[in-house]
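Here is a short tour of a structure for you to follow on screen. Have the viewer open as you read.

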Amino acid sequence: MTMNPANAPSGKNTGNRKLYGSRNFWSGLFFGIGLIAFMDEVVFHQLLQWHHFYDLATTRIGIVSDGLLNSFAWFSGIFSFFMVADLRRKNAFWPKKWIGAVILGAGSFQLFDGLINHKVLNLHQIRYDVNILPYDLVWNILAVVLILIGVFLLSQTRSSQKKKKAGNSHA
Amino acid sequence: MPDAGEFLPLFLFAVLLAVAPYFSAVFLSNKKQRKWPTYRIVFWCLGAVSIAAALIGPLADQAHADFRMHMAVHLLLGMLAPLLIAISRPMTLLLRTLNVSSARGVTALLKSGPFRLMSNPITAAFLNIGGLYVLYMTALFHSMHQSPLVYALVHLHIFLAGYLFTVSIVYFDVTPHRFSFLFRSIVLIIALAGHKILAKTLYASPPEGVPRSEAEAGSMLMYYGGDAIDAFLIFFLCLHWYKAAAKGEASFF
């Protein structure tokens, strides 16, 4: 992260990040959702061609859910860049909180895709003509691990927020 | 291209016809006002070429028989051309070219009830995406290829509804009735979802008489082409948010 040197006092500069903590969180979450949806499209649909555009077994509600989810992910991925630019402009970008939220967003999307889209709505499977169980397990466990890492990083930015406050009151 | 000579004169004539009024307006208004930016002129020309390519020439000819080409026409006419033309700000140009009293008449018309209703993003989304559902889910698609009049009306609707939707979501041009960034974002997301849902539905159950392979390729072109052009729409919507956010905090709503 580059700080505006004009605003940087000696020691660690946190800028306006505390004022914009929740905006850091949302922009990270949006970026994570957009990123994982884009990776899903590029890696599994286009490169590996494991996923099918439409496997003709999909229910109506499955197509509707997938359309809404993907169009939201497309929007939020693009919007998140502008939110980051806005935070940087306000000297309020908080890398750790942002990255934590990115990982949480990516994991949540992956878990939703793996459980609701693949299993409940039966939208499409990860791969066809194979034993799907190991694929599903890897997919969803990875999603849970991502969520846990994201929550861990975010909780650290919380405690560092509290410590700072405690430190300030002592001074 | 062996038959380029046949369509080229008509093609160029159509482009010229579309470009001439814009150029005249730029020329006239530049006399009294500051210079009209060149990039807007370029975008108007690109928009005119997109429309002409959709309606005249080999693409338009094949669109009658081939669903993939039909979708390419739809992307050009209903999505790309409206975006290019909106960026060129024809309404702003018109208002600065007209004398004050005529310009007031135009703005009064834009502020009137019917325009207020039509420029609501929800109405515009219904006219745009809803119109597509009517086209592909009813017998209209079939009768469009039977009657030149119906074909012309459908294509006029595709362009006008696409343009209306574009300017109702992103305020490139003069916009009397404004809605919040959040509201327009939600409508855009739902409209884009509607476009994706329709594309996948067409993949599974194409209009009557469209062969399986053409339907699959055509609906995938619709899906990914729509994504690509809508990415620009989202980009400009967010860019305007970014500019507004520099001024104040209440810019989400």
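## The nonpolar core

In this predicted model, the largest nonpolar core holds 89 residues. Leu76(B) and Leu188(B) have the most contacts inside that core. Which helix gives the core its largest share? Helix 4 of chain B, residues 67-87, does, with 15 residues.

Leu188(B) is a handy place to centre your view. Setting aside neighbours within four places in sequence, Leu188(B) is in contact with Ile169(B), Leu233(B), Ile234(B) and Leu237(B), and also with Phe75(A) from the other chain.

## The fold of chain B

Chain B has twelve helices and zero strands, so its pattern along the sequence is simply α repeated: α-α-α-α-α-α-α-α-α-α-α-α. The radius of gyration of chain B is 19 Å, close to the 18 Å that the globule rule gives for 253 residues, so chain B is as compact as a globular protein of that length.

Taken along the principal axes, the C-alpha atoms of chain B fill a box of roughly 55 × 45 × 30 Å. Of its 253 residues, 34% count as buried. If you like contact maps, take the contacts in chain B between residues at least 6 apart in sequence: 76% of them join residues at least 24 apart.

## Where the chains meet

How many residues of each chain take part in the contact between chain A and chain B? On chain A there are 17, and they are in contact with 21 residues of chain B. The side of chain A that touches chain B is made up of 13 nonpolar, three polar and one charged residues.

Terms used
Residues are numbered from 1 along each chain as its sequence is written. Chains are lettered from A and ligands numbered from 1 in the order in which they are written. This is a predicted model: local features need pLDDT of at least 70, side-chain atom pairs count only at pLDDT 80 or more; totals for chains, interfaces and linings use all residues. Two residues are in contact if their C-beta atoms, placed from the backbone, lie within 7 Å. Ala, Val, Leu, Ile, Met, Phe, Trp, Tyr, Cys and Pro count as nonpolar, Asp, Glu, Lys and Arg as charged, and the others, Gly among them, as polar. Helices (H or I, at least four residues) and strands (E, at least two) are DSSP runs, numbered from the N terminus. The radius of gyration is taken over C-alpha atoms; the globule rule is 2.2 Å times the number of residues to the power 0.38. A residue is buried if 20 or more other C-beta atoms lie within 10 Å of its own, exposed if 12 or fewer, and partly exposed in between; C-beta atoms are placed from the backbone. A nonpolar core is a set of buried Ala, Val, Leu, Ile, Met, Phe, Trp, Tyr and Cys residues joined through C-beta atoms within 7 Å.
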